[in-house]
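Got your viewer open and a selection box ready? Here's a short tour, one stop at a time.

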Amino acid sequence: MNSVWQQLTLANLPLSQWQSRSYLFNLAIGSLRSWRQSSWLMQWAEPLGFVLLALTFGFAPFVNNALVGVLMAASAAFWVLLTVSDDREIPFTPIHLLVLLYWGIATVATAMSPVKVAAASGWSKLTLYLLFFALMARILRSPRWRSWLIAVFLNVSLIVSFYGVRQWIDKVPPLATWNDPTSTQANVTRVYSFLGNPNLLGSYLLPAIALSAAALFVWKGWGTKILALTMLVVNCACLRYTDSRGAWIGFVALLVVFLVLLWYWYSPLMPRFWRTWALPLGLGGLAGALILGVALVEPLRDRVSSMFIGRGDSSNNFRINVWTAVIDMIRDRPILGIGPGNTAFNKVYPLYMRPKFTALSAYSVLLEIAVETGFIGLMCFLWLMTVTVNQGLLQIKHLRDSQFKISSLEEESENPKSKIPNLKSSQGFWLIGAIATLAGMMAHGFVDTVWYRPEVNMLWWLMVAIIASFYSNSHQQQQDSALTEGE
């Protein structure tokens, strides 16, 4: 069974051997190597790549999507230039392989689309995101650039959250009818900060919450830890004031995954009792706190209860009608869908929609993927997520074992004092934050598609890139383990 899982998740795929022997791969990579060696500008390739990424994440919440698209296009072009002139081996991971496969499926879906021109527009946007991911995965292999880019995003998100909290204090009026006008929540303030939509803001804050929690463990010194705690508190407060039910669901999923991985990380240091009971006690306490909060806070109780009244809530009713139409679309084109992008969706959806229920998307990420690229694309996307999370978990285990110098004999020992922390590396907490974010954003994505907005989609690919940036093949891990044991 373990062998089947390893094959499914490509855990032991010999990519480094394939890279060294592939004629086409070696022809594309490094073809301008001699030019790069003589270029003064390309001596600063990684800092330049970081600047492009930092500008994109820094401007994203405050400017229109067109400027974000220009910055992402510049990043994609720089990745191509960096790749064809690279003077060392390009890290190609199982995650990259499945991203490439998903892009190939989307390309075929575009060619087979009933609205090819509209689908081509969506395909170009998808290509841009995936090239942006490739640059991030390349630059973030450096722990320094990884930490600095996360710091840029966290500081920008703090500004976004502070402004959102200020909107709640000022009781800012809504920009649209976001609540059921017949409910008790009709006049409740929902903040949207610079993003213009509370659901979009809620999804944007999920990675900010996970990474600010991780920063508490990664950043050194009381000053930076206090800053990380401030970020965490303000981000959580702003998320609460968005009143986004989907984002709240995502927050619960994020918190559960983060706590489970945190327990796993520190379990070698725990006595036997706490190793057994810390996780159930912690999750039970979390569940109790959430239930108590819903029971005692009336606005929160009303908002949460609206999730379970079906068509009794206008937002629920709208989504159910859209989902019904989208399922009909999938039934008619189940193999490769209608092609990627909201432009293609807007061309085809009117043929299936219920009267008075116009929509710009499927209001569910999985349904959207299925309607755009069919069940083939959906299966590939789920495979990509499985491989990504599995790679993240493998690297967490590797870093944890190195952090606490755990040998196979120490793993069986009941004495926690035998595990001596090695505090030189705490980068594994970024992995914990990234995996928790993926869980939270997908939980939100079950009932909404703000995932496709640039401010959020680029953060999704940032989490995937963080995980991919830690990748090392099993042979390299064995060498690292031998070095660790020899220290």
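Start by selecting α10 (198–218) and helix α20 (residues 454–469). Look down the pair: because angles under 35 degrees count as roughly parallel, these two helices are roughly parallel to each other. The packing angle is about 25 degrees, and the axes sit 9 Å apart. Rotate the view and you'll find that α10 passes α20 in a left-handed crossing.

Now show side chains at that contact. From α10, pick L200, S203, Y204, P207 and L211; from α20, pick E455, V456, L459 and M463. Colour them by class and you should get seven nonpolar, one polar and one charged. Keep in mind while you look that this is a predicted model.

Next stop: helix α12, residues 245–266. Put a distance monitor on its end C-alpha atoms and it should read 32 Å. That agrees with expectation, because 22 residues at 1.5 Å a residue should span 32 Å.

Which residues of α12 are buried? Select R245, G246, A247, W248, G250, F251, L254, F258, L261, L262 and W265. To see what covers them, switch on α10, the helix from the opening stop, along with others including α11 (222–242), α14 (298–305), α15 (314–332), α17 (365–403) and α19 (428–445).

Last, jump to G69, which lies in helix α6 (residues 65–84). Is G69 buried or partly exposed? Its relative accessibility is 24%, so G69 counts as partly exposed. Add Y129 to the selection: the C-alpha atoms of G69 and Y129 are 9.4 Å apart, while 60 residues separate the two along the chain.

Terms used:
Residues are numbered from 1 along each chain as its sequence is written. This is a predicted model: local features need pLDDT of at least 70, side-chain atom pairs count only at pLDDT 80 or more; totals for chains, interfaces and linings use all residues. Side-chain values use heavy atoms; hydrogens and water are left out. Helices (H or I, at least four residues) and strands (E, at least two) are DSSP runs, numbered from the N terminus. The expected span of a helix is 1.5 Å times one less than its number of residues. Buried means under 20% relative accessible area, exposed over 50%, partly exposed in between (1.4 Å probe, protein chains only). Contact means heavy atoms within 4.5 Å. Axes are lines fitted to C-alpha atoms, for helices over the stretch in contact, and angles run from 0 to 180 degrees between N-to-C directions. Angles under 35 degrees count as roughly parallel, over 145 as roughly antiparallel, 65 to 115 as roughly perpendicular and the rest as oblique. A crossing is left-handed if the near helix is turned anticlockwise from the far one by less than a right angle, and right-handed if clockwise. Ala, Val, Leu, Ile, Met, Phe, Trp, Tyr, Cys and Pro count as nonpolar, Asp, Glu, Lys and Arg as charged, and the others, Gly among them, as polar.
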